[in-house]
Amino acid sequence: SIAPEDILRLTVRDIPSPTSFHPEFTTFQFVPRSIGTGDTYVEASLSMFKELGFIDRYRLRRRTLARFLLMVQKGYRDVPYHNWGHAFSVGHFCYLILRMPDVVNALSELERFSLLVASLCHDIDHRGTTNAFQLQSKTPLAQLYSSEGSVLERHHFAQTVTILGMDECNIFEQLTRQQYQTVLDNIREIILATDIAAHLRKVTRIKEMIEEGFDPSLPDHHYLFMCLLMTASDLSDQSKDFKTSKAIAENIYKEFFSQGDLEKQMGNSPIEMMDRERACVPKIQLEFMDTVALPVFDYLSRILPDLRTTYDSLLTNRRCWSALDSILQEEGLPAAGGLDYLR
Ligand SMILES: Cc1nc2ccc(C(=O)NCC(C)C)cc2n2c(-c3cc(OC(C)(C)C)ccc3Cl)nnc12
Ligand SMILES: [Mg+2]
Ligand SMILES: [Zn+2]
């Protein structure tokens, strides 16, 4: 349960405006984790719902929204990357996109509402290990969801539904039955879209949508556009200054290398990316940016030209990783050996 004083603190005081957390809060280069700790992220999330007009439009009770957000925060584990700080930074980027006039015109209010909720919930109860690890190790989650695939993402969605079913946490309680069904369908599709394998299978259709030109009258374009917004938000740390992007990447490798250590203890040999003895972080980053991250922000900025600056930031970061890769090679530093040489 949630401490009553937490609820009181969140609902009695007026919800502050987004820029009260930081004057730069509404810019794309802002680093959302910098506003403080997990509790501040809850308050800032309240403020994002308010500023996007969802509290008024959907008559959200502040107490219910506060309880929901506190349960979402509690739903995340204390792992190096896939924690509440990641969820909040993804939610923040999604919020910045949702307030863009082009997006307000392209998507329905219910789709925008679904996106903000899904972005904050999309990794709930993540264990810091991959879908492949769930399947290989036959974890309880794999027992539950292996036949459908996207094991972790189905669990993130299941956890979201569970929180909505908790006492006074159902922020959708006053929606019509039809709206409720639509929001939950949207949230499930959006969270499932954050499975990297599912994303890679969708890229061809996203490219076709770009070539045809986004057509708001096509339901499939709405679906692909929501998935693209979500994956870009999930990758948004890589669109910040290099110091931030590198520090966040290091947290991802802390999870990857811990998984590799675990696999070795279990008698399995980890893939190179997860093996602290073999992985060359700059090279993995260059490949990930070229095959996954840069294309996502390229497609996004073709639909939303104002986001071209975020694509440029990724390009700058790619150059930094490339420079780092060359320096490490010249100095003959261990091509493997975890992250310490990145200091
Ligand atoms: C900085 C950064 N480096 C990464 C390096 C490698 C990989 C990885 O999984 N490689 C496996 C092969 C098959 C590609 C992911 C990385 N990654 C992610 C990420 C994105 C995800 O899914 C979406 C958002 C749908 C793409 C899901 C999970 C994660 Cl951790 N976020 N930031 C990063
Ligand atoms: Mg995920
Ligand atoms: Zn994520």
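A polar contact is a pair of N or O atoms within 3.5 Å. The model discussed here is predicted.

Q: Which residue's side chain has an N or O atom 3.1 Å from a nitrogen atom of ligand 1?
A: A polar contact needs an N or O pair within 3.5 Å. A nitrogen atom of ligand 1 and a side-chain N or O atom are 3.1 Å apart. That side chain belongs to Gln285.

Q: How many residues surround ligand 1?
A: The closest ones are Asp234, Gln238, Ile252, Gln285 and Phe288. They belong to a shell whose full count is 16 residues.

Q: What share of the accessible area of ligand 1 does the protein cover?
A: Taken on its own, ligand 1 has 690 Å² of accessible area. The shell that surrounds it has 16 residues. The protein's cover comes to 81%.

Q: Which elements give two or more residues to the shell around ligand 1?
A: The shell holds 16 residues. Contributions of two or more come from helices. These are H12 (196–212), H13 (219–234), H14 (242–265) and H15 (281–303).

Q: How many nonpolar residues does the shell around ligand 1 have?
A: The shell is sorted by residue class. Six of its residues are polar and one is charged. The nonpolar count is nine.

Q: Which protein atoms are donors of the zinc ion (ligand 3)?
A: A donor atom must lie within 2.8 Å of this metal. The protein donors lie 2.0 to 2.2 Å from the zinc ion. They are His86 (NE2), His122 (NE2), Asp123 (OD) and Asp234 (OD).

Q: What spacing do the donors of the zinc ion (ligand 3) follow along the chain?
A: The donor residues are His86, His122, Asp123 and Asp234. Along the chain, their pattern is H-x35-H-D-x110-D.

Q: Where do His86 and His122 lie in the chain, and how many residues apart are they?
A: The pair links distant parts of the chain. His86 is in helix H5 (residues 84–98). His122 is in the loop between helix H7 (109–121) and helix H8 (131–136). Their separation is 36 residues.

Q: Is the site of the zinc ion (ligand 3) tetrahedral or irregular?
A: Four donors count as tetrahedral if all angles lie between 85 and 135 degrees. Here the angles among the four donor atoms run from 82 to 175°. The site is therefore classed, by that definition, as irregular.

Q: Which residue bridges the zinc ion (ligand 3) and the magnesium ion (ligand 2)?
A: The two ions lie 3.9 Å apart. The bridging residue is also among the protein donors of the zinc ion. It is Asp123.

Q: Are His86 and His122 buried or exposed?
A: Both histidines are donors of the zinc ion through NE2. The class of His86 also applies to His122. That class is buried.

Q: Why does Gly85 count as buried?
A: Gly85 is found in helix H5. Buried means under 20% relative accessible area. Gly85 counts as buried because its relative accessibility is 10%.

Q: What distance separates the C-alpha atoms of Gly85 and Thr244?
A: The two residues are 159 residues apart along the chain. Gly85 is in helix H5. The C-alpha separation is 13 Å.

Q: Which residue's backbone oxygen lies 2.8 Å from a polar atom of the side chain of Ser245?
A: Ser245 lies in helix H14. At 0% relative accessibility, Ser245 counts as buried. The backbone oxygen in question belongs to Asp237.

Q: Why is Val104 classed as partly exposed?
A: Val104 sits in helix H6 (residues 101–106). Partly exposed covers the range between 20% and 50%. Val104 falls in this class because its relative accessible area is 36%.

Q: What is the phi value of Arg59 near?
A: Arg59 is in the loop between helix H3 (54–57) and helix H4 (62–75). Arg59 is exposed, at 58% relative accessible area. Its phi is positive, in a residue other than glycine. The value is near 45°.

Q: What is the phi value of Lys138 near?
A: Lys138 is in the loop between H8 and helix H9 (140–145). With a relative accessible area of 61%, Lys138 is exposed. Phi of Lys138 is positive and near 50°.

Q: What distance separates the C-alpha atoms of Ala66 and Ile171?
A: Ala66 lies in helix H4. Its relative accessible area is 0%, so Ala66 is buried. Ala66 and Ile171 are 105 residues apart along the chain. Their C-alpha separation is 9.4 Å.

Key:
Residues numbered from 1 in each chain as written. Chains lettered and ligands numbered in written order. Predicted model: local features only at pLDDT ≥ 70, side-chain atom pairs only at ≥ 80, totals over all residues. Heavy atoms only, no water. Near = heavy atom within 4 Å. Polar contact = N/O pair within 3.5 Å; in protein donor to acceptor, adjacent residues only side chain to side chain. Areas by Shrake-Rupley, 256 points an atom, 1.4 Å probe, with all protein chains shown as cover. Helix = DSSP H or I, 4+ residues; strand = E, 2+ residues; numbered from the N terminus. Nonpolar A, V, L, I, M, F, W, Y, C, P; charged D, E, K, R; others polar. Donors = N, O, S within 2.8 Å, 3.2 Å for Na, K, Ca; no water. Tetrahedral: all angles 85-135°; square planar, octahedral: opposite > 155°, others 65-115°. Buried < 20%, exposed > 50% of the residue type's maximum accessible area, 1.4 Å probe, protein only.
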